[in-house]
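Trainee: I should be grateful for a close look at one part of this predicted model. Please begin with a single helix and follow its contacts outward.

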Amino acid sequence: MQRRRVLQGLAWSGAVASLGGCAATSGAPSSAKVVVVGGGYGGATAAKYIRMWSAQAIDVVLVEPQPEFVSCPVSNLVVGGMRRLADVTTPYDGLRNRHGVTIVRDSVSAIDSRARTVTLAGGGTIRYDKLVLSPGVELMFDGIEGLRAANAEGRIVQAWRAGAETLALRRQLEAMGDGGTYAITIPEQPYRCPPGPYERASVVAAYFKAAKPRSKVLILDANADVTSKAGLFKRAWSELYPGMVEYRSQHRATAVDARTLTVKFEVHEDVKADVLNVLPPMRAGEIAVKTGLANANTRWCMVDYQTFESTAAKDIHVVGDSIQVAPLMPKSGHMANSHAKVAAAAIVAQLSGDQPIARPLLTNTCYSFVSAEEVIHVASVHEYVAAEKTFKTVAGSGGVSAARSQLEASYAMAWARNIWADCLA
Ligand SMILES: Cc1cc2nc3c(=O)[nH]c(=O)nc-3n(C[C@H](O)[C@H](O)[C@H](O)COP(=O)(O)OP(=O)(O)OC[C@H]3O[C@@H](n4cnc5c(N)ncnc54)[C@H](O)[C@@H]3O)c2cc1C
């Protein structure tokens, strides 16, 4: 019934000029067409679920420049030397072969929300009936003087998108002598993955403890305190790495000197390190900002939380890290996967002439490794409150681990395998 309505209700009338190397389609398919920008946690999930929930009636084109999906979750273990990049990499074959998603290896360079077209960096345009935008975050290098050049030279890397920089940071840690200092700076909230920097500091400490025991880990945080699982992280640092991990709050980085690997702060004294991992402030992915969709402080994209449709442009649904979050909603892969399912259901309903779900629910769990063997978690459930047009956490849902444990390490890896399958298989 739903499939019939999708087919009857819409006709995609645009021709595709070029699909960046893919065979160009022509004529007017009898189904609706959704273009998904970004094949990360949000975009891959949306592409798969729109195909599944429309019983393959809706055409889905996913535009993504990377050849494979490389996960940020678990990538800190690659930095710590406990996993390889291949362990966090999944091909897009499942989306293509099992779900019939057309994958275009390119970037979207422009979106015309009135003509409902996207322009590809490689040339050509694709028309859409609905667009899903999940471009992740852009690192605001210019917020820290000298950082853009330091990154371009490879002197100071962030590794806040998993891939080449994850390996580069690992190489820097391996090259550092015993007795050296690794320093990570953390921007003010909101930023991608609240517990991520503290997990990274912990696994770097685990590596040092095993391989370079005279070394030091410095956490220089712009926030007033550890922003996630604070008690559990601090306990792990004092019990597992006494004298090795030092946490300093309210350290907002303002500049770096790449030559001397020094970071400067708004108030505090300069810090010099041997490996400097400076995380600048973040905002919605560049394509969202330049399209004018980042209408919350020109940083994040405001959406109607019931459907994830942009409040700035009709028929564009923004999911994942790029959105202006509701209270207590983290910027996480699990959350992006949840957003994408709500958006996918709304898109299928709207293209079928149905109403979106009245009271969507989102779930989130973030596991963090505090050593090679032990893990802690935070979890929450968020419900849409129509009267306030926002998501609120469900009273009594979720919480944090009672204590770090090896059992949770097995849960963490099971979570990763399951979510990769849910997004991509
Ligand atoms: C070190 C680290 C650890 C983390 N650990 C966890 C964890 O344990 N659990 C958890 O839930 N989350 C974790 N996260 C957070 C998680 O990675 C992000 O929240 C998640 O990736 C957000 O999904 P997204 O779809 O918004 O962005 P992404 O997954 O980054 O996907 C964005 C995609 O868009 C593509 N793209 C960008 N611009 C364009 C364009 N113009 N055209 C086409 N494609 C484009 C990019 O290439 C990219 O593939 C971690 C993050 C980091 C950095």
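What follows is an account of one helix and its partners, and then of other contacts elsewhere in the chain.

Trainee: Which residues of α6 meet α7, and what does Arg170 touch?

Mentor: The description rests on a predicted model. Helix α6 covers residues 164-175, and helix α7 covers residues 196-211. Two packed helices are described by the angle between their axes and the distance between the axes. For α6 and α7 the angle is about 35° and the axes lie 11 Å apart. The two helices cross in a right-handed sense. On the α6 side the contact is made by Leu169, Arg170, Leu173 and Glu174, and on the α7 side by Arg200, Val204, Tyr207 and Phe208. Sorted by class, the residues of this contact are 5 nonpolar and 3 charged, with no polar ones.

Arg170 deserves particular attention. This residue lies in helix α6 and is buried, because its relative accessible area is 12%, under the 20% limit. Setting aside neighbours within four places in sequence, Arg170 is in contact with Val78, Val79, Gly80, Gly81 and Tyr207. Tyr207 is also one of the α7 residues in the helix contact. With Val79 there is a specific polar approach: the side chain of Arg170 reaches the backbone oxygen of Val79 at 3.0 Å.

Arg170 also has a charged partner within its own helix. Side chains of opposite charge can pair when their charged atoms come close. Here Glu174 forms a salt bridge with Arg170, and the closest N and O atoms are 3.3 Å apart. The two residues are 4 residues apart in α6, which means a separation of about one helical turn. The partners differ in exposure class: Glu174 is partly exposed at 45% relative accessibility, whereas Arg170 is buried at 12%. Glu174, like Arg170, belongs to the set of α6 residues that meet α7.

That pair is one instance of a wider group, since the model has 21 salt bridges by the rule applied. Another of them links two strands, where the side chains of Lys216 and Glu246 meet at 2.8 Å, N to O. Lys216 lies in strand β12 (residues 216-221) and Glu246 in strand β13 (residues 245-248), so this salt bridge ties together parts that are 30 residues apart in sequence. Both partners are partly exposed, Lys216 with a relative accessible area of 29% and Glu246 with 25%.

A further salt bridge joins Arg404 and Glu239, whose closest N and O atoms are 3.0 Å apart. Arg404 is in the loop between β25 (399-400) and α11 (406-424), while Glu239 is in helix α8 (residues 230-240), so the pair connects parts 165 residues apart in sequence. Glu239 is partly exposed, at 41% relative accessibility. Beyond such individual pairs, salt bridges that share partners join Arg116, Lys130, Lys314 and Asp315 into one network.

A second helix pair may be set beside the first. Helix α2 (residues 41-53) packs with helix α10 (residues 333-351) at an angle of about 35°, and their axes are 8 Å apart. This crossing, too, is right-handed. From α2 the contact draws on Tyr41, Gly42, Thr45, Ala46, Tyr49, Ile50 and Trp53. From α10 the participants include Gly333, Ala336, Asn337, Ala340 and Lys341, as well as Ala344, Ala345, Ile347 and Val348. By class, these residues are 11 nonpolar, 4 polar and 1 charged. Trp53 of α2 is partly exposed, with a relative accessible area of 35%. The C-alpha atoms of Trp53 and Tyr41 are separated by 18 Å, and the two residues are 12 residues apart along the chain.

Finally, a strand residue offers a case without a salt bridge partner to describe: Ser380, in strand β23 (residues 375-385). Ser380 is buried, with a relative accessible area of 14%. Its side chain makes a polar contact of 2.8 Å with the side chain of His382. Not counting residues up to four places away in sequence, Ser380 touches Leu362, Thr363, Asn364, Thr393, Ser397 and Gly398.

Definitions and conventions: Residues numbered from 1 in each chain as written. Predicted model: local features only at pLDDT ≥ 70, side-chain atom pairs only at ≥ 80, totals over all residues. Heavy atoms only, no water. Axes fitted to C-alpha atoms, helices over the stretch in contact; angles between N-to-C directions. Left-handed = near helix turned anticlockwise from the far one by under 90°. Contact = heavy atoms within 4.5 Å. Nonpolar A, V, L, I, M, F, W, Y, C, P; charged D, E, K, R; others polar. Salt bridge = Lys/Arg side-chain N within 4 Å of Asp/Glu carboxyl O. Buried < 20%, exposed > 50% of the residue type's maximum accessible area, 1.4 Å probe, protein only. Polar contact = N/O pair within 3.5 Å; in protein donor to acceptor, adjacent residues only side chain to side chain.
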